[in-house]
Amino acid sequence: MVYKVGDNGCTMVAKILKIPDYTARVHKIMSSCGNVIFIGYPILIAMYGEMGFFYAIIYWLLNDLFLWTIGILILSKKNDGEPFVKKLLNPNTISFAIAIIMFVFGLKLPPVIHSAVSGIGALTTSLSMLFIGMALADVDVKNIIKKWWVVVIAPIKLVILPIIFILIFKYIGIRSILVGVVCLEAAMPVQTVTAIIAKEHEADFEYAAVGLFVTTILSIFTLPFICYLIKIWT
(Lines give C-alpha, C1' and ligand atoms only; values in the text may rest on other atoms or scores of the structure.)
Protein backbone atom coordinates (compact mmCIF):
# COMPACT_ATOMS: atom_id res chain seq x y z
CA MET A 1 0.00 0.00 0.00
CA VAL A 2 2.76 2.44 0.94
CA TYR A 3 4.63 1.61 -2.25
CA LYS A 4 1.58 2.27 -4.41
CA VAL A 5 0.87 5.59 -2.73
CA GLY A 6 4.50 6.62 -2.81
CA ASP A 7 5.26 5.47 -6.33
CA ASN A 8 2.31 4.66 -8.60
CA GLY A 9 0.00 7.38 -7.29
CA CYS A 10 2.71 10.03 -7.38
CA THR A 11 3.81 8.83 -10.82
CA MET A 12 0.32 9.54 -12.10
CA VAL A 13 0.40 13.05 -10.57
CA ALA A 14 3.86 13.65 -12.07
CA LYS A 15 2.62 12.64 -15.52
CA ILE A 16 -0.49 14.80 -15.26
CA LEU A 17 1.59 17.82 -14.25
CA LYS A 18 4.24 16.95 -16.87
CA ILE A 19 7.05 17.10 -14.32
CA PRO A 20 10.44 16.26 -15.89
CA ASP A 21 12.08 13.04 -14.69
CA TYR A 22 14.92 14.93 -13.01
CA THR A 23 12.34 16.57 -10.72
CA ALA A 24 9.66 13.85 -10.73
CA ARG A 25 11.95 11.43 -8.88
CA VAL A 26 12.21 13.91 -6.01
CA HIS A 27 8.50 14.75 -6.22
CA LYS A 28 7.58 11.13 -5.44
CA ILE A 29 9.77 10.99 -2.33
CA MET A 30 8.58 14.37 -1.09
CA SER A 31 4.98 13.20 -1.39
CA SER A 32 5.64 9.96 0.48
CA CYS A 33 8.06 10.68 3.34
CA GLY A 34 7.66 13.28 6.06
CA ASN A 35 9.64 14.90 8.85
CA VAL A 36 8.35 12.42 11.42
CA ILE A 37 11.19 12.93 13.93
CA PHE A 38 12.20 16.58 14.29
CA ILE A 39 8.63 17.88 14.13
CA GLY A 40 6.56 14.75 14.68
CA TYR A 41 8.00 13.48 17.95
CA PRO A 42 7.51 16.67 20.04
CA ILE A 43 3.90 17.05 18.88
CA LEU A 44 2.99 13.41 19.47
CA ILE A 45 4.60 13.33 22.91
CA ALA A 46 2.64 16.45 23.85
CA MET A 47 -0.62 14.91 22.62
CA TYR A 48 -0.30 11.25 23.63
CA GLY A 49 2.67 10.94 26.00
CA GLU A 50 4.90 7.86 26.06
CA MET A 51 2.40 5.64 24.23
CA GLY A 52 2.22 8.10 21.36
CA PHE A 53 6.02 8.21 21.26
CA PHE A 54 6.14 4.40 21.04
CA TYR A 55 3.80 4.31 18.04
CA ALA A 56 5.70 7.22 16.49
CA ILE A 57 8.93 5.19 16.60
CA ILE A 58 7.24 2.33 14.74
CA TYR A 59 5.96 4.78 12.12
CA TRP A 60 9.45 6.26 11.81
CA LEU A 61 10.96 2.82 11.21
CA LEU A 62 8.51 2.13 8.37
CA ASN A 63 8.92 5.65 6.97
CA ASP A 64 12.71 5.43 6.86
CA LEU A 65 12.71 1.82 5.69
CA PHE A 66 10.64 2.95 2.70
CA LEU A 67 12.91 5.93 2.10
CA TRP A 68 16.18 4.00 2.15
CA THR A 69 14.95 1.10 0.02
CA ILE A 70 12.17 1.96 -2.44
CA GLY A 71 12.96 5.66 -2.10
CA ILE A 72 16.57 5.14 -3.17
CA LEU A 73 15.40 3.07 -6.14
CA ILE A 74 13.04 5.87 -7.20
CA LEU A 75 15.72 8.55 -6.89
CA SER A 76 18.37 6.51 -8.71
CA LYS A 77 18.64 6.77 -12.44
CA LYS A 78 16.96 3.78 -14.06
CA ASN A 79 19.63 3.49 -16.76
CA ASP A 80 22.72 3.91 -14.60
CA GLY A 81 23.60 0.23 -14.97
CA GLU A 82 23.97 -0.36 -11.23
CA PRO A 83 22.54 -3.72 -10.03
CA PHE A 84 19.20 -3.66 -8.20
CA VAL A 85 20.58 -5.30 -5.05
CA LYS A 86 23.56 -2.92 -4.90
CA LYS A 87 21.21 0.06 -4.83
CA LEU A 88 19.50 -1.38 -1.77
CA LEU A 89 22.75 -2.02 0.06
CA ASN A 90 23.60 1.25 1.76
CA PRO A 91 24.66 2.12 5.33
CA ASN A 92 21.05 2.85 6.30
CA THR A 93 19.49 -0.43 5.14
CA ILE A 94 22.37 -2.37 6.71
CA SER A 95 21.87 -0.44 9.97
CA PHE A 96 18.15 -1.19 9.87
CA ALA A 97 18.82 -4.91 9.45
CA ILE A 98 21.30 -4.95 12.34
CA ALA A 99 18.93 -2.93 14.56
CA ILE A 100 16.02 -5.30 13.89
CA ILE A 101 18.17 -8.34 14.69
CA MET A 102 19.36 -6.72 17.93
CA PHE A 103 15.78 -5.78 18.87
CA VAL A 104 14.37 -9.26 18.19
CA PHE A 105 17.11 -11.09 20.10
CA GLY A 106 17.55 -8.46 22.83
CA LEU A 107 21.20 -7.83 21.96
CA LYS A 108 23.05 -4.81 23.34
CA LEU A 109 26.29 -3.15 22.36
CA PRO A 110 29.17 -2.98 24.86
CA PRO A 111 29.13 0.33 26.82
CA VAL A 112 32.25 1.65 25.07
CA ILE A 113 30.88 1.01 21.56
CA HIS A 114 27.39 2.20 22.55
CA SER A 115 28.81 5.49 23.82
CA ALA A 116 30.81 6.06 20.64
CA VAL A 117 27.90 5.19 18.33
CA SER A 118 25.48 7.35 20.34
CA GLY A 119 27.84 10.31 20.05
CA ILE A 120 28.07 9.90 16.27
CA GLY A 121 24.32 9.45 15.99
CA ALA A 122 23.70 12.62 17.97
CA LEU A 123 25.50 14.58 15.23
CA THR A 124 23.01 13.49 12.58
CA THR A 125 20.33 16.02 13.48
CA SER A 126 22.74 18.96 13.67
CA LEU A 127 24.57 18.06 10.45
CA SER A 128 21.36 17.52 8.48
CA MET A 129 19.94 20.83 9.69
CA LEU A 130 23.17 22.59 8.69
CA PHE A 131 22.96 21.11 5.19
CA ILE A 132 19.29 22.03 4.85
CA GLY A 133 20.06 25.55 6.07
CA MET A 134 22.76 25.92 3.41
CA ALA A 135 20.43 24.53 0.75
CA LEU A 136 17.65 26.93 1.73
CA ALA A 137 20.09 29.85 1.76
CA ASP A 138 20.87 29.16 -1.90
CA VAL A 139 17.22 28.88 -2.93
CA ASP A 140 16.16 31.69 -5.22
CA VAL A 141 12.63 32.85 -4.39
CA LYS A 142 11.96 33.01 -8.13
CA ASN A 143 12.53 29.26 -8.35
CA ILE A 144 9.59 28.67 -6.03
CA ILE A 145 7.43 30.17 -8.77
CA LYS A 146 9.24 28.24 -11.52
CA LYS A 147 8.90 24.97 -9.62
CA TRP A 148 5.19 25.50 -9.14
CA TRP A 149 4.58 21.78 -8.68
CA VAL A 150 5.38 22.25 -5.00
CA VAL A 151 2.04 24.09 -4.74
CA VAL A 152 0.41 20.76 -5.55
CA ILE A 153 2.50 18.79 -3.06
CA ALA A 154 1.80 21.09 -0.12
CA PRO A 155 -2.01 20.74 0.14
CA ILE A 156 -1.96 17.04 -0.77
CA LYS A 157 0.69 16.10 1.78
CA LEU A 158 -0.22 18.49 4.59
CA VAL A 159 -4.02 18.42 4.44
CA ILE A 160 -5.74 16.18 1.89
CA LEU A 161 -4.03 12.83 2.64
CA PRO A 162 -4.29 13.19 6.46
CA ILE A 163 -7.99 14.03 6.15
CA ILE A 164 -8.52 10.99 3.90
CA PHE A 165 -6.82 8.79 6.50
CA ILE A 166 -8.93 10.28 9.29
CA LEU A 167 -12.15 9.69 7.33
CA ILE A 168 -11.17 6.12 6.49
CA PHE A 169 -10.40 5.27 10.13
CA LYS A 170 -13.60 6.99 11.24
CA TYR A 171 -15.66 5.08 8.66
CA ILE A 172 -14.33 1.69 9.74
CA GLY A 173 -14.84 2.64 13.38
CA ILE A 174 -11.24 2.69 14.64
CA ARG A 175 -10.63 5.25 17.38
CA SER A 176 -7.31 5.03 19.18
CA ILE A 177 -3.97 6.66 19.80
CA LEU A 178 -2.60 4.65 16.87
CA VAL A 179 -5.02 6.37 14.49
CA GLY A 180 -4.01 9.79 15.76
CA VAL A 181 -0.32 8.99 15.41
CA VAL A 182 -0.66 7.67 11.84
CA CYS A 183 -2.79 10.60 10.67
CA LEU A 184 -0.59 13.21 12.32
CA GLU A 185 2.66 11.71 11.07
CA ALA A 186 1.17 11.60 7.57
CA ALA A 187 0.60 15.36 7.86
CA MET A 188 4.25 16.19 8.50
CA PRO A 189 6.20 18.41 6.05
CA VAL A 190 8.83 17.06 3.67
CA GLN A 191 11.60 15.04 5.30
CA THR A 192 14.80 17.05 5.75
CA VAL A 193 17.14 14.36 4.43
CA THR A 194 15.34 14.35 1.06
CA ALA A 195 17.48 17.20 -0.25
CA ILE A 196 20.66 15.40 0.81
CA ILE A 197 19.93 12.09 -0.91
CA ALA A 198 18.50 13.90 -3.95
CA LYS A 199 21.83 15.65 -4.44
CA GLU A 200 23.72 12.41 -3.89
CA HIS A 201 21.69 10.66 -6.62
CA GLU A 202 21.88 13.59 -9.04
CA ALA A 203 18.20 14.47 -8.79
CA ASP A 204 16.62 17.93 -8.36
CA PHE A 205 17.84 18.66 -4.82
CA GLU A 206 16.91 22.34 -5.21
CA TYR A 207 13.28 21.31 -5.73
CA ALA A 208 13.54 19.22 -2.56
CA ALA A 209 14.86 22.26 -0.68
CA VAL A 210 12.04 24.43 -2.02
CA GLY A 211 9.49 21.77 -1.06
CA LEU A 212 11.02 21.47 2.40
CA PHE A 213 10.89 25.24 2.86
CA VAL A 214 7.29 25.65 1.66
CA THR A 215 5.80 22.65 3.48
CA THR A 216 7.63 23.43 6.73
CA ILE A 217 6.35 27.02 6.77
CA LEU A 218 2.79 25.95 5.89
CA SER A 219 2.84 23.18 8.51
CA ILE A 220 2.83 25.89 11.19
CA PHE A 221 -0.80 26.46 10.20
CA THR A 222 -1.86 23.03 8.93
CA LEU A 223 -0.66 20.88 11.84
CA PRO A 224 -2.88 22.61 14.45
CA PHE A 225 -5.78 22.16 12.04
CA ILE A 226 -5.07 18.43 11.63
CA CYS A 227 -4.66 18.05 15.41
CA TYR A 228 -8.08 19.64 15.84
CA LEU A 229 -9.67 17.28 13.30
CA ILE A 230 -8.07 14.26 14.96
CA LYS A 231 -9.48 15.27 18.35
CA ILE A 232 -13.05 15.77 17.10
CA TRP A 233 -13.18 12.91 14.59
CA THR A 234 -11.27 10.10 16.31
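**Exercise 1. Around helix H10**

Task: Find which residues of H10 are buried, and say where Glu 202 is found.

Solution: Start with the helix itself. Val 193, Thr 194, Ala 195, Ile 197 and Ala 198 are the buried residues of H10. Keep in mind that you are looking at a predicted model. Next, move along the chain to Glu 202, which sits in the loop between H10 and H11. Now check its backbone: Glu 202 is not a glycine, yet its phi is positive, at about 55°.

**Exercise 2. The loop before H10**

Task: Decide whether Thr 192 is buried or exposed, and work out how far apart Thr 192 and Phe 38 are in sequence and in space.

Solution: First place the residue: Thr 192 belongs to the loop between H9 and H10. Buried means under 20% relative accessible area. Thr 192 has 6% relative accessibility, so it counts as buried. Then turn to the pair. Thr 192 and Phe 38 are separated by 154 residues in sequence, while their C-alpha atoms are 8.9 Å apart in space.

**Exercise 3. How enclosed is H9?**

Task: Work out how many of the residues of H9 are buried, and what covers them.

Solution: Begin with the count. Because 7 of its 10 residues are buried, H9 is largely enclosed by the rest of the structure. You can pick them out one by one: Val 179, Gly 180, Val 181, Cys 183, Leu 184, Glu 185 and Ala 186. Now look at what lies over these buried residues; the cover includes H3, H8 and H11. Finally, check the confidence: among the elements of the protein chain, H9 (residues 177–186) has the highest mean pLDDT, 89.

**Exercise 4. The nonpolar cores**

Task: Find which residues of the largest nonpolar core touch the most other members, and which helix gives the most to this core.

Solution: The largest nonpolar core has 29 residues, and those touching the most other members are Val 26, Met 30, Leu 67, Trp 68 and Tyr 207. Next, ask which helices supply this core: H2 (21–32), H3 (40–75), H8 (150–171), H10 (193–200) and H11 (205–233) each bring at least two residues. H3 gives the most, with 6 residues. There is also a second, separate core of 17 residues, which includes Leu 44, Ile 166, Val 179 and Ile 226.

To see one core member in detail, take Met 30. Beyond its neighbours within four places in sequence, Met 30 contacts Ile 153, Lys 157, Val 190, Thr 194, Tyr 207, Ala 208 and Gly 211.

**Exercise 5. A patch on the surface**

Task: Decide whether Phe 103 is buried or exposed, and find the surface patch that Phe 103 helps to make.

Solution: Locate Phe 103 in helix H5, which spans residues 91–105. The cut-off for exposed is over 50% relative accessible area. At 71%, Phe 103 is therefore exposed. Then look for its partners: Phe 103 joins Ile 100, Ile 101, Val 104, Phe 105 and Leu 107 in a nonpolar surface patch of about 690 Å².

**Exercise 6. The whole chain**

Task: Say how many helices and strands the protein chain has, and where pLDDT stays under 50.

Solution: Count the elements to find 11 helices and 0 strands. Of the 234 residues, 39% count as buried. The accessible surface is about 13200 Å², with 73% of it belonging to carbon and sulfur atoms. Among contacts with a separation of 6 or more, 81% join residues 24 or more positions apart.

Last comes confidence. The mean pLDDT of the chain is 79, and 81% of its residues reach 70 or more. Helix H1 (residues 2–16) has the lowest mean among the elements, 55. Over residues 1–7, pLDDT stays under 50, and the model has 14 contacts beyond four places in sequence for them.

Methods: Residues are numbered from 1 along each chain as its sequence is written. This is a predicted model: local features need pLDDT of at least 70, side-chain atom pairs count only at pLDDT 80 or more; totals for chains, interfaces and linings use all residues. Side-chain values use heavy atoms; hydrogens and water are left out. Patches are made of residues with over 30% relative accessible area and no salt bridge: like charges are joined within 9 Å, nonpolar side chains (Val, Leu, Ile, Met, Phe, Trp, Tyr) within 5 Å. Accessible areas come from the Shrake-Rupley method with a 1.4 Å probe; for residues, only the protein chains shown count as cover. A salt bridge is a side-chain nitrogen of Lys or Arg within 4 Å of a carboxyl oxygen of Asp or Glu. Helices (H or I, at least four residues) and strands (E, at least two) are DSSP runs, numbered from the N terminus. Buried means under 20% relative accessible area, exposed over 50%, partly exposed in between (1.4 Å probe, protein chains only). A nonpolar core is a set of buried Ala, Val, Leu, Ile, Met, Phe, Trp, Tyr and Cys residues joined through side-chain atoms within 4.5 Å. Contact means heavy atoms within 4.5 Å. pLDDT is the predictor's confidence in each residue, from 0 to 100.
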